[in-house]
Amino acid sequence: MDINITRINDGLTGYQLKVIAILFMLIDHINMYLGGFLGWPAWVSFLGRFVAPLFAFLLVEGYFHTHSKRKYLERLLLGALIVGIGNIVYNLLTHDYLNPVTHQPDYFLFLGPHNIFLTLAMELVLIWSLDNILKHHRIVLSIFTLIVSAGLMLFFEGGFYLLPLAIIFFLGQKYRQTNLMLIGIVLWCGFLFIHAWLSFNGGMTGETSFYNYLTFNNEFMMVMVVPFI
């Protein structure tokens, strides 16, 4: 009994959190492509929303503990390159690089939409630059890399939703303000929920219910990362 209590109080390790995240990411992707065929309920789409912010949080943890930030970034970029090559091969084989509206090649599909490593790499550059600015180190270069990395994040997978969280995670970890960090997460996800609520118009047309709409526009469920943190 005492051993179990101790382990619970100690919390989960970063490795254990990554394994949990990978399992739920697998469920999320199965649901994305086969959920309808398998007859899974719509709420399954909520389950994987904590995965990306959890990886973003663990990246910030890694930033403060790694021996070499440069090698850390190189490994992320290598992962992005490998996934990028896989994306190119997949898109060429399936012709998914064609825009469904214009039927013209959309070369962005080769890079951004399905490559979280690119997003995490830009997150690392962003918090590294922000850290340098706060330390008054290489101010001009750091401001430039901060702007560029933030801009690129917006075009990569989940970047728009992870950008504010990356800053919240970084400041919370740097200044050891866990409670404020958690409040920031809740506020950002609350904003996303309100945005989803206000953008809902299916109830007027009768096309879909509010619940079904939220299972699609579900980024506000990133708040599920709070218990894991």
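# Briefing: a helical chain, its pockets and its core

Arg 176 sits in the loop that links α8 and α9. The phi of Arg 176 is positive, about 55°, although the residue is not a glycine. The model is predicted, so local features need pLDDT of at least 70, side-chain atom pairs count only at pLDDT 80 or more, and totals for chains, interfaces and linings use all residues. Numbering runs from 1 along each chain as its sequence is written, and side-chain values use heavy atoms, with hydrogens and water left out.

**Overall build**

- The chain holds 12 helices and zero strands (DSSP runs numbered from the N terminus: helices are H or I of at least four residues, strands are E of at least two).
- Buried residues (under 20% relative accessible area with a 1.4 Å probe, protein chains only; exposed is over 50%, partly exposed in between) make up 35% of the 229 residues.
- Take contacts (heavy atoms within 4.5 Å) between residues at least 6 apart in sequence: 67% of them join residues at least 24 apart.
- The chain exposes about 14,100 Å² (Shrake-Rupley method, 1.4 Å probe). Carbon and sulfur atoms supply 70% of that area.

**Largest pocket**

- The largest pocket contains about 1,300 Å³ of space. A pocket here is an open set of points on a 1 Å grid over the protein atoms alone, where a 1.4 Å probe fits, with protein on both sides within 12 Å along at least five of seven lines. Points join across faces, edges and corners, and the volume is the space filled by probe spheres set on them.
- Its lining (residues with an atom within 4 Å of a point) counts 39 residues. Nearest the centre of the largest pocket lie His 29, Arg 49, Ala 52, Ile 116 and Glu 157.
- Two or more lining residues come from each of α2 (14-38), α4 (51-65), α5 (69-94), α6 (116-134) and α8 (159-174).
- Helix α2 gives the largest share of this lining, nine residues.
- By type, the lining of the largest pocket has 24 nonpolar, 10 polar and five charged residues. Ala, Val, Leu, Ile, Met, Phe, Trp, Tyr, Cys and Pro count as nonpolar, Asp, Glu, Lys and Arg as charged, and the others, Gly among them, as polar.

**Second largest pocket**

- About 380 Å³ of space lies here.
- The lining of the second largest pocket has 18 residues; Phe 57, Glu 61, Gln 173, Thr 178 and Ile 229 are nearest its centre.
- Helices α4, α8, α9 (178-199) and α12 (225-228) each give two or more residues to the lining of the second largest pocket.
- The largest share, five residues, is from α4.
- The split is nine nonpolar, six polar and three charged.

**Core and a buried threonine**

- The largest nonpolar core (buried Ala, Val, Leu, Ile, Met, Phe, Trp, Tyr and Cys joined through side-chain atoms within 4.5 Å) has 47 residues. Leu 54, Leu 124, Ile 127 and Phe 169 touch the most other members.
- Leu 124 touches Leu 59, Tyr 63, Lys 69, Tyr 72, Leu 73 and Leu 76, leaving aside residues up to four places away in sequence.
- Thr 119 belongs to helix α6. Thr 119 is buried, at 1% relative accessible area.
- With residues up to four places away in sequence left out, Thr 119 touches Met 153, Phe 156, Glu 157, Gly 159 and Leu 162.

**Positive phi in loops**

- Most residues other than glycine have a negative phi.
- His 136, not a glycine, has a positive phi near 60°. His 136 lies in the loop between α6 and α7, and is exposed at 67% relative accessibility.
- Arg 176 is exposed too, at 74% relative accessibility.
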